[in-house]
Structures are given as structure tokens and as C-alpha cells.
Amino acid sequence: MTTYDAVVLGAGIVGVATAIQLRKRGLSVALVDRRGPGEETSHGNAGLIQREGVHPYVFPRDPRTIIGVALKRRTDADYHLSSLPSVAPFLMRYFAASTPERARKTFEANIPLFARCLEAHEALMMEAGSQDLVRKTGWIKLFRKQASAEEADVQARELREIGLAASMLDNEALNALEPDIDTSRLAGGLHYGDPWCCSNPGALVKSYAALYEKLGGETVTAEIAGVQRRDGQWAVTTNGPDIAGEQLVVTLGPWSKRLLDAVGVTLPMGVKRGYHRHYKPEGEAKLNRPVLDGDVGYVMAPMARGVRLTSGAEFARQDAPATPRQLQRVLPKAREVFPLGESVDERAWLGARPVLPDMLPVIGAAPKNPGLWLHFGHAHHGFTLGPATAELVSQLITGETPYCDPAPYSPQRFTRAR
Ligand SMILES: Cc1cc2nc3c(=O)[nH]c(=O)nc-3n(C[C@H](O)[C@H](O)[C@H](O)COP(=O)(O)OP(=O)(O)OC[C@H]3O[C@@H](n4cnc5c(N)ncnc54)[C@H](O)[C@@H]3O)c2cc1C
């Protein structure tokens with residue numbers, strides 16, 4: 001059995017970036033995944049590197065919205081009735097963590113991580129030579145209701161207070177940035193100027209994985225069957241080679257809970273499933289940057305393959321059958337705003353955002369399990385934050401001074417070892 005200083009489980013954006021940071025600190029590293037790097041959640045997202053994403057997506061607390069979701073009248077959230085018994089405990093904790101006071105704490109804890117996201121990505125893409133996959137155009141939130149624009153104005157002011165570019169747009173200003181958007185049903189937009197947009201998120205992760213190998217990191221393509229603490233190290237059983245690490249880092253995204261449950265580390269993690277599908281724009285129509293239709297709940301993001309239409313959240317067991325109803329329901333709404341033509345995909349892609357109730361990732365040592373490190377749960381912002389939180393977890397693993405206080409992300413806030 002080959003032993004490494006560190007074994008990183010899962011090669012999404014979070015695992016690849018972690019493996020790079022550990023390699024850069026001189027550790028021998030194996031990165032294990034059953035698929036190629038960046039082929040799951042880190043491939044299917046909307047490609048936004050959301051420098052502005054500090055406000056958490058809270059569970060709605062007003063009865064009208066909750067009833068709307070419960071009656072399946074809304075397009076931004078859906079659920080499987082048959083999955084409710086298994087997802088209800090997570091939903092209750094998510095609801096409890098969504099009070100204004102607790103959301104404020106999450107907002108504050110997010111600030112140092114999001115402040116690092118652009119420079120952490122930039123360092124990797126410069127070294128990997130993949131800057132061409134990213135445009136520095138920002139993105140736009142669209143409003144159909146005046147009340148939504150007014151609500152967003154409050155958040156925009158908060159963002160400007162922390163030095164971010166957030167400009168309210170009337171329909172004329174919106175059309176100056178996006179001439180092919182039909183503003184007849186819109187009440188303006190909000191342009192977030194700082195974020196970057198990726199035209200192929202999976203390809204960006206693959207470019208980072210190539211950098212990792214160039215730095216001397218090893219990749220193991222195999223299904224992970226389980227892990228066990230044995231003789232002072234972590235043994236990883238796979239359907240390929242069995243390997244071991246002094247340190248074991250779990251970066252399995254939405255699959256992390258399953259592995260940890262088996263070693264007795266229990267976390268209240270849930271998933272928010274999401275779909276995407278690509279469409280050809282009609283004629284010469286062009287979208288210059290991603291737009292989110294805030295009052296309907298979808299994103300249209302210009303990508304290498306076409307315009308990627310992504311859905312909001314679906315609450316269901318991670319492995320429940322795909323039901324891309326939300327995409328079907330938002331498609332006509334999206335076509336009101338931008339001329340989407342035929343789909344270029346045979347079917348919708350389905351993925352799952354890994355989510356903790358307080359909407360913060362888990363970053364740090366697992367209690368009572370020496371050498372076991374947890375790094376997942378980035379929810380709506382894993383593509384944004386992976387490189388930044390990889391720096392933090394690597395600093396913790398190698399005993400360096402972390403660039404920010406890691407306490408808000410510690411697994412200790414939830415975990416109990418059996
Ligand atoms: C529709 C949608 C839109 C999104 N839009 C954005 C966005 O615009 N910006 C943003 O920042 N974030 C976005 N996100 C969230 C973001 O995509 C995720 O937070 C992020 O990709 C999670 O990365 P990860 O590395 O933790 O997980 P993953 O990318 O899922 O990686 C986990 C890896 O573990 C591997 N694995 C699992 N089990 C095993 C096993 N038993 N053996 C071997 N390998 C295994 C998988 O193959 C996978 O490669 C979006 C998500 C969705 C669903």
C-alpha cells in the first residue's frame with residue numbers, strides 16, 4: 001500500500017484546489033476520484049465566481065413564500081414529497097439558522113472568504129494558463145417587480161459599504177450592457193461589477209488538475225469504498241489501489257456525508273439539487289454576461305456550449321430520480337427575456353449543492369479523529385470559494401497561521417463522534 005503525506009478524496013474544484021495547496025507546501029499528495037477532475041457539481045454550475053456572494057441564501061421566513069413553495073406554485077424552489085421524511089430534519093435546521101440575526105453572522109463569516117476568492121482563482125489560472133476561460137464582466141440580477149428592485153437596493157448599499165461595485169440599473173442602462181435583453185417585463189437590474197464568469201467550469205477545474213500534476217501530485221482514478229484509521233494513518237479502500245495518508249482530507253462535495261457517517265462523524269448536511277440545460281441563442285442574439293431572473297429563479301449564463309439555463313433549488317434525496325420540472329417551467333419565462341432557441345442537450349443535467357444549515361462550509365479538523373480534515377459544504381458558492389478555502393484548510397493542516405479566523409467554519413459547530 002502506498003502511503004502519502006496527504007490523501008485528498010474527491011476531485012471537484014474544492015479537492016483539486018486543496019491538493020494543489022498541499023503540494024505547494026511540500027507534501028506528497030494523492031487525489032482520488034472515480035471520475036475525471038471537475039466532472040460533477042463543479043462542472044454543472046453557472047460558472048460565476050461570485051465576489052459579491054456574501055449574503056447567504058436563507059430559508060424563506062414569510063408565510064406567503066413558504067405556502068407558495070409548499071403548494072408547488074413557485075419556480076425557484078421545488079421538492080419531492082416522497083423525500084420529505086429524509087430531508088425534513090435538515091430543512092428544520094436550515095429554517096432555524098435563517099433568522100436575521102443568524103444570517104447576519106453568516107454574512108460576516110463569509111466576508112474574509114469571499115474577499116480572497118478572485119485572487120485565489122487568479123493565482124491558479126495564471127499558473128495553469130487558463131485565463132481565457134474567464135471573463136471579468138460581472139453579472140446582472142434582473143427584477144420584474146419594483147418591490148424586488150427596492151429590496152435589492154438595500155443589499156447593494158451594504159455591498160458598496162464593504163467596497164464592492166453594485167450599481168442599480170434602469171431598463172435603459174440594462175440595455176446598454178445587454179442590448180438583446182427584452183426589458184418590456186422588467187423593472188431594471190442590479191449589476192455586480194466585481195464577479196468573474198467562466199465559460200466552461202469543468203474545463204477550468206481540469207486545467208487546475210493539470211497544474212496539480214505538473215507540481216508532482218498524483219491522481220488515482222478509483223471508487224472510494226471506505227476509510228479507516230489504522231496504525232496511526234488513514235487507509236483508503238478503493239476498487240483500484242489501496243492507499244494511505246498521514247492526513248486525509250474529505251472534499252467529496254455532496255457525497256461527503258455518506259463517507260463520514262460510516263466513520264461516525266455525523267453532520268447535519270443536506271443538498272439543494274439543481275439542473276442545467278444549454279440552448280442556442282436565436283439569430284445573432286448575444287448575452288455578454290450571466291443574468292439571474294430574481295423574481296422567477298433561474299440563471300442564464302453564456303457558456304462555450306450555448307446559453308446555460310440553470311434552475312433554483314430542489315429538495316429531494318440526492319439519489320432520487322431527476323425531475324427537471326423547474327427548468328421546464330422557467331424556460332418560457334427565460335424566453336420572455338432573451339431569445340433562447342433549441343436545446344443542444346439531449347436531457348437536463350442534474351447535480352446537488354452540498355449545504356450546511358447555516359450556509360457556511362465546513363473547514364477544519366474532525367473531532368476525535370486525528371488526521372481527518374473536512375472541507376466541503378460550499379452550497380451555492382463552491383466554484384467561487386474552492387481555491388480560497390483550499391488555502392485556509394491547507395494552512396490549518398500544515399500548522400501555518402491561517403489568513404482568517406477559522407472558527408466560524410469549524411466542524412466542531414455540529415459534529416459529535418460516536
Ligand atoms: C445548478 C447549480 C448552479 C451553481 N452555480 C454556481 C455558481 O455560479 N458559482 C458557484 O460558486 N457555485 C455554484 N454552484 C455550486 C458549486 O457548483 C458547488 O458548490 C461546487 O461545485 C462543489 O464542489 P465540490 O468540489 O465540493 O464537489 P464536486 O464538484 O461534486 O466534487 C466531488 C467529487 O467527489 C467525487 N466522488 C464522490 N463520491 C466518490 C466516491 N465514492 N469515490 C470516488 N469519488 C467520489 C465525485 O466524482 C466528484 O468529482 C452551483 C451548483 C449547482 C447545482
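Let's start at the ligand: helix H11 gives the most to the shell around the ligand, supplying 4 residues. Keep in mind as we go that this is a predicted model. H11 spans residues 382-398, and other elements join it in supplying at least two residues each to the shell: helix H1 (13-24), helix H2 (41-44), strand S15 (270-281) and strand S21 (349-355). The ligand has 41 residues around it, and those that come nearest are Gly-12, Asn-45, Gly-253, Gly-274 and Gly-382. What is the make-up of the shell by class, nonpolar, polar and charged? Polar residues number 21, nonpolar ones 13 and charged ones 7.

From the ligand, we can follow H11 outward to its helix neighbours. Two packed helices are described by the angle between their axes and the distance between those axes. For H1 and H11, the angle is about 35° and the axes are 8 Å apart. Their crossing is right-handed. On the H1 side, the contact is made by Ile-13, Val-14, Ala-17, Thr-18, Gln-21 and Leu-22. Facing them in H11 are Gly-382, Phe-383, Gly-386, Pro-387, Ala-390, Glu-391, Val-393, Ser-394 and Ile-397. Sorted by class, this contact of H1 with H11 holds 9 nonpolar, 5 polar and 1 charged residues. Notice that Gly-382, which takes part in this contact, is also one of the residues that come nearest to the ligand.

H11 has another partner to visit, helix H5. Here the axes lie 7 Å apart and the packing angle is about 95°, so H5 and H11 are roughly perpendicular to each other. Which residues of H5 meet H11? They are Leu-113, Arg-116, Cys-117, Ala-120, His-121 and Leu-124, and they meet Thr-384, Leu-385, Pro-387, Ala-388, Thr-389 and Glu-391 in H11. The contact of H5 with H11 divides into 7 nonpolar, 3 polar and 2 charged residues. Pro-387 and Glu-391 of H11 appear in this contact and also in the one with H1.

Now let's move along H5, which runs over residues 100-128, to helix H8 (residues 201-214); these two pack at about 70° with their axes 9 Å apart. That angle makes H5 roughly perpendicular to H8. The crossing of this pair is left-handed. Leu-124, Glu-127 and Ala-128 represent H5 in the contact, meeting Ser-207, Tyr-208, Ala-210 and Leu-211 of H8. The residues of this contact comprise 5 nonpolar, 1 polar and 1 charged. Leu-124 links the two stories, as a residue that meets H8 and also meets H11.

Our last stop is a sheet. Strands of a sheet pair through backbone hydrogen bonds, either parallel or antiparallel. In this model, 3 strands in the order S3-S9-S5 form an open sheet with antiparallel pairing. Strand S3 (48-49) and strand S5 (134-135) are the edge strands, each pairing on one side only. S5 pairs with strand S9 (residues 196-198) over 2 bridges, in the antiparallel sense. Within S9, Cys-197 is the bridge partner of Arg-135.

How values were computed: Residues numbered from 1 in each chain as written. Predicted model: local features only at pLDDT ≥ 70, side-chain atom pairs only at ≥ 80, totals over all residues. Axes fitted to C-alpha atoms, helices over the stretch in contact; angles between N-to-C directions. Parallel < 35°, antiparallel > 145°, perpendicular 65-115°, else oblique. Left-handed = near helix turned anticlockwise from the far one by under 90°. Contact = placed C-beta atoms within 7 Å. Nonpolar A, V, L, I, M, F, W, Y, C, P; charged D, E, K, R; others polar. Near = placed C-beta within 6 Å. Pairing = 2+ DSSP bridges.
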